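Student: Could you take me through one part of this predicted model closely, starting from a single residue and then moving outward to the spaces and elements of the fold? I would like one connected account rather than a list.

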Amino acid sequence: MKIAVVGTGAVGQVMSKRLSELGHRVFMGTRNVEQSRKRKESDAWGTPGIGSWIEDHPNIDLVTFKEAAEKGEDLLIFGISGMAALDALDQIGKDLLRDKIMIDISNPLDFSKGFPPSLSLCNTESLGEKIQNSYPDLKVVKTLNSISSPIMANPKLIEGDHVVFLCGNDLNAKAKVSTLLQSLGWKQDNIIDLGDITNARGTEMLLPLWIRLMGKYQSPMFNINVVKAPVLSPGA
Ligand SMILES: NC(=O)c1ccc[n+]([C@@H]2O[C@H](COP(=O)([O-])OP(=O)(O)OC[C@H]3O[C@@H](n4cnc5c(N)ncnc54)[C@H](OP(=O)(O)O)[C@@H]3O)[C@@H](O)[C@H]2O)c1
């Protein structure tokens, strides 16, 4: 497939590399290509500067957000800082987002008052819904947002069963995304389709818990599992 990966942070880097290794043609989107190529220093989390990372990955094209959406015609993977998500989509524009399938990995984390961040949207709304409502013809599938980047692209880094949630309004888009997740190594039984895009409220509200778990384990290398009783009716 020709895939747009919009975002150059840890998510953009990990997903672009993995998808390229799987044989997809990847177009990675950034605000300003020239400026991004100059960014060589790693950040506080150890994520390489996109300028040095892209030099090490010549199979991946670094282009603007808009060009990525143009050239990555089969699928758009969205890994943008939550507070900037709508601005980034605005730079792509409605025409290129019409009828496209978008995997939304972003979270509405607001770091303006320091750490831990708060959720800028929650309870009765979510970033996934906000994006879907702003672009009704875009097929938003919210998934992978509560999983750290190395694990989202390679779930076998954790032994045993652990789950990935998925939600969205378009059944065909969800089926296509589920196939892609399986190609990354996610077991079909561990991909939990929660239903329509309003379920993004729940998966985004996992983030406050995720952040505290990262503090407890001093590592992002964990994930959540759902364990069911053999008989599901309570009291049976
Ligand atoms: N890191 C993880 O393991 C992880 C896991 C699950 C979900 N997520 C979510 O995935 C998203 C991406 O996370 P990340 O850690 O990869 O990187 P990030 O630092 O949250 O976001 C980096 C991207 O945001 C863009 N950006 C920043 N400010 C912008 C602005 N004002 N206007 C337009 N674009 C802007 C940057 O554009 P440039 O390329 O131009 O700099 C860059 O592409 C976030 O929403 C995060 O919550 C992250």
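Tutor: Asp 110 is found in strand E6, which covers residues 109-110. In this predicted model, Asp 110 has a relative accessibility of 17%, and because buried means under 20%, the residue counts as buried. Its side chain makes a polar contact with the side chain of Ser 112, at 2.7 Å. Once the neighbours within four places in sequence are left aside, Asp 110 is in contact with Met 83, Pro 117, Ser 118 and Ser 120. Trp 210 lies 100 residues from Asp 110 in sequence, yet the C-alpha atoms of the two are 15 Å apart in space.

A second aspartate can be set beside this one. Asp 74 lies in the loop between helix H4 (65-71) and strand E4, and at 28% relative accessibility Asp 74 counts as partly exposed, because that value falls between the 20% and 50% limits. The side chain of Asp 74 reaches the backbone nitrogen of Lys 2 at 2.7 Å. Beyond its neighbours within four places in sequence, Asp 74 is in contact with Met 1, Lys 2 and Lys 176. Asp 74 and Thr 124 are 50 residues apart along the chain, and their C-alpha atoms are separated by 31 Å.

Strand E4, which spans 75-78, also belongs to the surroundings of helix H7, for the buried residues of H7 pack against E4, H5, strand E5 (101-104), strand E8 (139-143) and helix H10 (200-204). Helix H7 itself runs over residues 127-134, and its buried residues are Leu 127, Gly 128, Glu 129, Ile 131 and Gln 132.

Helix H5 leads on to the largest pocket, since H5 (85-92) is one of the elements that each supply at least two residues of the lining, together with helix H1 (10-21), strand E2 (25-30), helix H8 (149-153) and helix H11 (207-217). The volume of this pocket is about 1,500 Å³. Its lining consists of 48 residues, and Gly 9, Ala 10, Val 11, Asp 43 and Trp 45 are those that lie nearest the centre. By class, the lining divides into 23 nonpolar, 20 polar and five charged residues.

Ala 10 and Val 11 appear again when one turns to the ligand. A backbone N or O atom of Ala 10 lies 3.0 Å from an oxygen atom of the ligand, and for Val 11 the corresponding distance from a backbone N or O atom to a ligand oxygen is 2.8 Å. A side chain takes part as well, in that a polar side-chain atom of Arg 39 lies 3.1 Å from an oxygen atom of the ligand. In total 23 residues surround the ligand, and the closest are Thr 8, Val 11, Thr 30, Arg 31 and Ile 80.

The same two residues, Ala 10 and Val 11, are in contact with Ser 149, as is Val 14, when the sequence neighbours of Ser 149 within four places are left aside. Ser 149 has its place in helix H8, and with a relative accessible area of 13% it is buried.

There remains the enclosed space. The structure holds one cavity of 30 Å³ or more, and about 30 Å³ of space lies in the largest cavity. Ser 146, Ile 147, Val 163, Val 164, Phe 165, Asn 223 and Ile 224 line the largest cavity, and this lining divides into five nonpolar and two polar residues, with no charged ones.

Methods
Residues are numbered from 1 along each chain as its sequence is written. This is a predicted model: local features need pLDDT of at least 70, side-chain atom pairs count only at pLDDT 80 or more; totals for chains, interfaces and linings use all residues. Side-chain values use heavy atoms; hydrogens and water are left out. On a 1 Å grid over the protein atoms alone, a cavity is a set of points where a 1.4 Å probe fits but cannot get out, and a pocket is an open set with protein on both sides within 12 Å along at least five of seven lines; lining residues have an atom within 4 Å of a point. Grid points are joined across faces, edges and corners, and a volume is the space filled by probe spheres set on the points. Helices (H or I, at least four residues) and strands (E, at least two) are DSSP runs, numbered from the N terminus. Ala, Val, Leu, Ile, Met, Phe, Trp, Tyr, Cys and Pro count as nonpolar, Asp, Glu, Lys and Arg as charged, and the others, Gly among them, as polar. Buried means under 20% relative accessible area, exposed over 50%, partly exposed in between (1.4 Å probe, protein chains only). Contact means heavy atoms within 4.5 Å. A polar contact is a pair of N or O atoms within 3.5 Å; within protein, one must be able to donate a hydrogen and the other to accept it, and residues adjacent in sequence count only if both atoms are side-chain atoms. A residue is near a molecule or strand if one of its heavy atoms lies within 4 Å of it.
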